[in-house]
Every structure is written in C-alpha cells, then in structure tokens.
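This report looks at strand pairing, charged side chains and an aromatic contact in one protein chain. Please keep the sequence and the structure at hand while reading.

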Amino acid sequence: MHFANQPLIGSETGTLIVLKHPYPHEVEEPSIYESVRVHTAMQTGRTENDLVPNAPSLGTKEGYLIKQGKIVKNWKTRWFTLHRNELKYFKDQTATEPIRALDLTECSAVQFDYSQERVNCFCLVFPLRTYYLCAKTGIEADEWIKILRWKLSQIRKQVEQRSGPSSQLHP
C-alpha cells in the first residue's frame, strides 16, 4: 500500500495513523514514558501503580565517563547524570551530592575531540572552560554526543521562541 510519502505514526491498537498536515511544529517532552509503564504493567500482570513512578523522562542519560581535571590534567572516572538542561557529575554512582552541575543553557558546543591521547573523547564548550570527557566505547561516546547536541538544539529553539519574530531583522 502506498501512502504518498505521508508520515505514519503507530497507535496503541497497532494500526498505523497517517499524520495530516499541518504537522505540529513542537512536541512537548513527556515527563515519563506513560505508555511504556502501562504496557509493562500489562505484560507483567501487575497494575500500573506497582511500577516505579519516576520512570526516566525523554532525554535523560546517566553513566560513567572519564573526565579530565581542570588544574591537574589527570583523568578520573565520574558518574554523570543528564536531566533536563543539567549535566551533573558525582564522585561515583552512590554519591548523593554532585561535584558540579553544568547548566547546558551556557554550553555552546559538543563535539568529538581528538586532541587528547585517549580514544572515544568528546568535549563540552562553555564560556569559561572546556570539559574533556571520554567514554568506554565509541558507541557510548556517540550516544552522549547525540543526546547533548539534541538538548542544545532544544535550548536554542526555546531561546528563539522567547525572542520572537520582532527581534529578527526583516529586509
């Protein structure tokens, strides 16, 4: 069956729905994966209330990365958590207080970095400092870069919407 290149979206019943124009320009980030929780409850025979209420939101990530120190340029393994517009790092996964919380609204770029004598490195560029981080694998580094770049693009969209069309120059 040919759908004339119209976008399709899956529904809860399993049938495909053709998205009609105009498409939504902005889709809100859901706070939790509601349908995943319901589906999991159905699969396990438990009720939705039995499941963890704080399921991860879209655009969150956590894991160990190796970070270069600011003054002494040694490398230390740290536990990183990405939630909303904040990237926090901790001494380890059990620590409750972060060593630092980085506000991604101040970050100008995230990119692979080949200047270090390590593999799978990337950097986050802030006005006062560039943070150098390394992942265990190239795939993991790529995942961090993709989600951080996505976050930055979302932040830029929000800034553009707030500034509105009046701030744009018209010929």
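Through how many residues does a hairpin join E3 to E4? In this predicted model, the hairpin that joins E3 to E4 passes through six residues. The two strands run antiparallel and are joined by eight bridges, and within this pairing glycine 63 stands opposite phenylalanine 80 in E4. E3 also pairs with E9, again in the antiparallel sense, over two bridges, with lysine 67 having leucine 133 in E9 as its bridge partner.

**An aromatic pair between E3 and E4**

Four aromatic pairs are found when the whole structure is searched. One of them is formed by tyrosine 64 and tryptophan 79, whose rings are arranged edge-to-face, at 4.8 Å centre to centre and with 70 degrees between the planes. This pair links distant parts of the chain, since tyrosine 64 belongs to strand E3 (residues 61–68) and tryptophan 79 to strand E4 (residues 75–83), 15 residues apart. Tyrosine 64 is partly exposed, at a relative accessible area of 29%, whereas tryptophan 79 is buried, at 10%.

**Salt bridges**

The structure holds three salt bridges, which are set out below with the N to O distance of each.

| Salt bridge | N to O distance |
|---|---|
| Lysine 61 and glutamate 143 | 3.1 Å |
| Glutamate 86 and lysine 88 | 3.7 Å |
| Lysine 146 and aspartate 142 | 3.1 Å |

The bridge between lysine 61 and glutamate 143 links strand E3 to helix H2 (residues 138–163), its two residues being 82 residues apart. Lysine 61 counts as buried at 19% relative accessibility, while glutamate 143 counts as partly exposed at 40%. Lysine 146 and aspartate 142 are four residues apart in helix H2, and are therefore separated by about one helical turn; here lysine 146 is exposed at 53% relative accessibility and aspartate 142 is partly exposed at 27%. In the remaining bridge, glutamate 86 is partly exposed, with a relative accessible area of 34%, and lysine 88 is also partly exposed, at 27%.

**A buried arginine without a salt bridge**

Which side chain of opposite charge is nearest to arginine 129? That side chain is glutamate 106, which is 12 Å away, and arginine 129 is buried yet has no salt bridge. Arginine 129 sits in the loop between strand E8 (121–125) and strand E9 (130–134). A polar atom of the arginine 129 side chain lies 3.4 Å from the backbone oxygen of glutamine 68. Beyond its neighbours within four places in sequence, arginine 129 is in contact with residues including Lys67, Gln68, Tyr89 and Arg100.

How values were computed:
Residues numbered from 1 in each chain as written. Predicted model: local features only at pLDDT ≥ 70, side-chain atom pairs only at ≥ 80, totals over all residues. Heavy atoms only, no water. Phe/Tyr/Trp six-rings, centres within 6.5 Å; stacked < 30°, edge-to-face > 60°. Buried < 20%, exposed > 50% of the residue type's maximum accessible area, 1.4 Å probe, protein only. Lys, Arg positive; Asp, Glu negative; His and termini not counted. Salt bridge = Lys/Arg side-chain N within 4 Å of Asp/Glu carboxyl O. Polar contact = N/O pair within 3.5 Å; in protein donor to acceptor, adjacent residues only side chain to side chain. Contact = heavy atoms within 4.5 Å. Pairing = 2+ DSSP bridges.
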